[in-house]
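The exercises below are worked from a sequence and its three-dimensional model. Each task is followed by a solution in steps.

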Amino acid sequence: MKLGVTAILLVLLTAAAAAVSLLVGGTPLSVAQIATALAHPRDPGIVNAIVWQLRLPRVCVAATVGAALALCGAMLQGMLRNPLVDPYLTGVSAAAAAAIAIAILAGAAAGAMPAIGFVAGLGAAVLVASLARRGGGIDSNRLILAGVSLSTLFAAIVALVVVRAQSSDYAATIVAWLAGSMAGRGWHELAVAAPYLGVGALLALWAAAPLNALRIGELRARAVGVNVDRAQWIILAGSSLLAASSVVLAGLVGFVGLIVPHLARRLVGSDARVLLPACAAIGATLCMLADAICRRIVAPAELPIGVLLAFIGVPTFLYLYLHSPPSLNSSARVD
Amino acid sequence: MIELHDVALRIGGRRLLDAIDARIARGELVALLGANGAGKTTLLRAIAGLYPLGSGSICLDGSPGAQLGSLERAKRVALVTGDEVLLDALRVRDVVSIGRFPHHRWWQWREQPADENAVDRALAAVRMQDVAERFFSTLSAGERQRVWIALGLAQETPILLLDEPTSHLDVRVAHEILSLLRSLAEGGKSVVCALHDVNEALAYADRIALLGAQTLLAIAPTEAVLAGSLLERAYGIAMEQVRLSDGRLRVFARVPNGSSGGRRSPEPSA
């Protein structure tokens, strides 16, 4: 398929997912009602309030989280040249989870959670990066080892907190947050995360050319003029900002950052200039649709999006990984 | 032009290069010879700016390499290496296009006509235009080597460094590649090529740079390097020189039973 056609299809798909997601909710609304509300944002009325205060911000949160996680996964997989890497490799999610679990147990205000999660997540990313440092750059193996080790430690802290909180309501709050959800998220949360998301997205744009060169190996990338050390730090900073922002917005949403880059590579190839926008579009689409299903499937209750994505994600990932030709999805060894 | 002044390099406390002085002009093909571990690859990478020098300096077309940024350096010197690498699903044209990296700013996402022309020229130079849309992983070893050379050519640098470009290649493909390097040198590039085969160096190079024990034993016209016992010192084995009927010189390792390298034909029976 031509790239132009693929790009148009992805834009249409993302718009369609947003439209479907806007239609789903407790109060049935027609397409015309939603269109009118979108066209006249200042009009008073319950429909406008539902669309502008409840559904649209939630759709935007879902799209943002999906796009951020997919971008982050594509950047890290490209930098480490490892198709099994996901956005939470740098310990961002585990540290944020541990910090928020402790904060919930300590009775911290709900409004403080995003800031606590953000600081802890970025702190963990800095710690992992400093442990993985070698010379002026980053050692890929050390990064993975440090990320996995610290994530395990933070996961143990979360388990400890949950055990301590078992007899209280806090345990349910912590578990709900760990499962990932966009319930109750809105413009305020988006506004808080926007600067970090913006910087992360800008760094992703910068990373496209170095990521393309890194496809032929670190040594050759250096030989064609890539400052690999600087590229690694910038990619790590960008992916940490995107991951931390998504954790703050929606808790732990798994599999998007792992699967979407694989899916996008099959559709548009590995050229980062095309792959990164495609990942953002597919990630946003996937999260918007998954969130809509979560709101609908057990209404009036909600299914955590992390749970739904794991149920969809695991078989999808296994299918993609096991049924892709070696030269297309993962890597081909050159000797 | 490449100028090396008293170049020394240590990594992890180990001496890898020491007291290397050389000057390689434009339009010259220099073969870099030496035993395994003598420092050929290290020297090429040092010239390409991939290793910081312990002391001394390397000038690339008159500018000290240490003062050049990574992009400026990559516009002056291209390094072609055959090291193993894992590739995504890349087509030949994608691989060669990466050679245009130093000619772009980070916000220039679209390839310019100049880039496409440079990639076309590079593919044509190695006669790979017809396989430009094939996946790199489906190519033979010789074809892959040509693609790596095309990647270096797409950088459009006055200096081209190659690390064992004829390893694992059959005689015909090796000849094609070395002839290409010869023509690139005649076209005005400074070409330095690490080789294992002394006779390939004798046949195609203008000069030989002979490395031994991490230092430069000689850099001289090909046959001058063969005079005396320099080659034997460098490789640690006795050598035999044979003058062919057309006057060209060839070198073989002398094996203990007195014959030159290779298995002897059985004596015809009476």
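A residue counts as buried if 20 or more other C-beta atoms lie within 10 Å of its own, as exposed if 12 or fewer do, and as partly exposed in between. The model is predicted.

**Exercise 1. The buried side of a helix**

Task: Find which residues of α4(B) are buried, and establish how they are placed around the axis.

Solution.
1. Helix α4 of chain B covers residues 113-125, which is 13 residues. From its first C-alpha to its last, α4(B) reaches 18 Å, close to the 18 Å expected at 1.5 Å a residue.
2. The buried residues in α4(B) are B:Ala118, B:Val119, B:Ala122 and B:Leu123.
3. These residues lie on the same side of α4(B), because the arc they cover around the axis is only 130°.
4. The general rule behind such a pattern is that an α-helix has 3.6 residues a turn, so residues three or four places apart point the same way.
5. B:Pro113, B:Ala114 and B:Asn117 are exposed, on the face of α4(B) turned away from its buried side.
6. The cover over the buried residues of α4(B) includes two helices of chain B, α3 (92-97) and α5 (141-154).

**Exercise 2. Positive phi outside glycine**

Task: Locate B:Arg127 and B:Glu156, and state whether each is buried or partly exposed.

Solution.
1. The background is that most residues other than glycine have a negative phi.
2. B:Arg127 is not a glycine, yet its phi is positive, about 55°. B:Arg127 comes after α4(B) and sits in the loop between α4 and α5 of chain B.
3. With 13 other C-beta atoms within 10 Å, B:Arg127 is partly exposed.
4. B:Glu156, also a residue other than glycine, has a positive phi near 55°. Its loop runs between α5 and β8 (159-163) of chain B.
5. For B:Glu156 there are 16 other C-beta atoms within 10 Å, so this residue is partly exposed.

**Exercise 3. A four-stranded sheet**

Task: Give the strand order of the open sheet of four strands in chain B, then describe the hairpin formed by β1(B) and β2(B).

Solution.
1. The order in the open sheet is β2-β1-β4-β5 (chain B), and the pairing is antiparallel.
2. β2 (14-24) and β5 (63-64) of chain B each pair on one side only, which makes them the edge strands.
3. Helix α1 (residues 40-47) of chain B packs on this sheet and touches β1, β2 and β4 (55-60). The direction of α1(B) makes about 65° with that of β2(B).
4. Strand β1 of chain B, residues 2-11, is joined to the antiparallel β2(B) by seven bridges. B:Leu4 has B:Ala22 as its bridge partner in β2(B), and B:Val7 stands opposite B:Ile20.
5. Two residues separate β1(B) from β2(B) in the hairpin, and B:Gly12 in the turn has a positive phi of about 60°.

**Exercise 4. The chain as a whole**

Task: Compare the radius of gyration of chain B with the value for a compact globule.

Solution.
1. A compact globule of 270 residues would have a radius of gyration near 18 Å. Chain B has 20 Å, which agrees.
2. Along the principal axes, the C-alpha atoms of chain B fill a box of roughly 75 × 50 × 35 Å.
3. Of the 270 residues in chain B, 43% are buried.
4. Among contacts in chain B between residues at least 6 apart in sequence, 64% join residues at least 24 apart.
5. The chain B inventory is nine helices and 13 strands.

How values were computed. Residues are numbered from 1 along each chain as its sequence is written. Chains are lettered from A and ligands numbered from 1 in the order in which they are written. This is a predicted model: local features need pLDDT of at least 70, side-chain atom pairs count only at pLDDT 80 or more; totals for chains, interfaces and linings use all residues. Two strands pair if DSSP finds at least two bridges between them. Two residues are in contact if their C-beta atoms, placed from the backbone, lie within 7 Å. Axes are lines fitted to C-alpha atoms, for helices over the stretch in contact, and angles run from 0 to 180 degrees between N-to-C directions. The expected span of a helix is 1.5 Å times one less than its number of residues. The arc is that of the directions from the helix axis to the C-beta atoms. The radius of gyration is taken over C-alpha atoms; the globule rule is 2.2 Å times the number of residues to the power 0.38.
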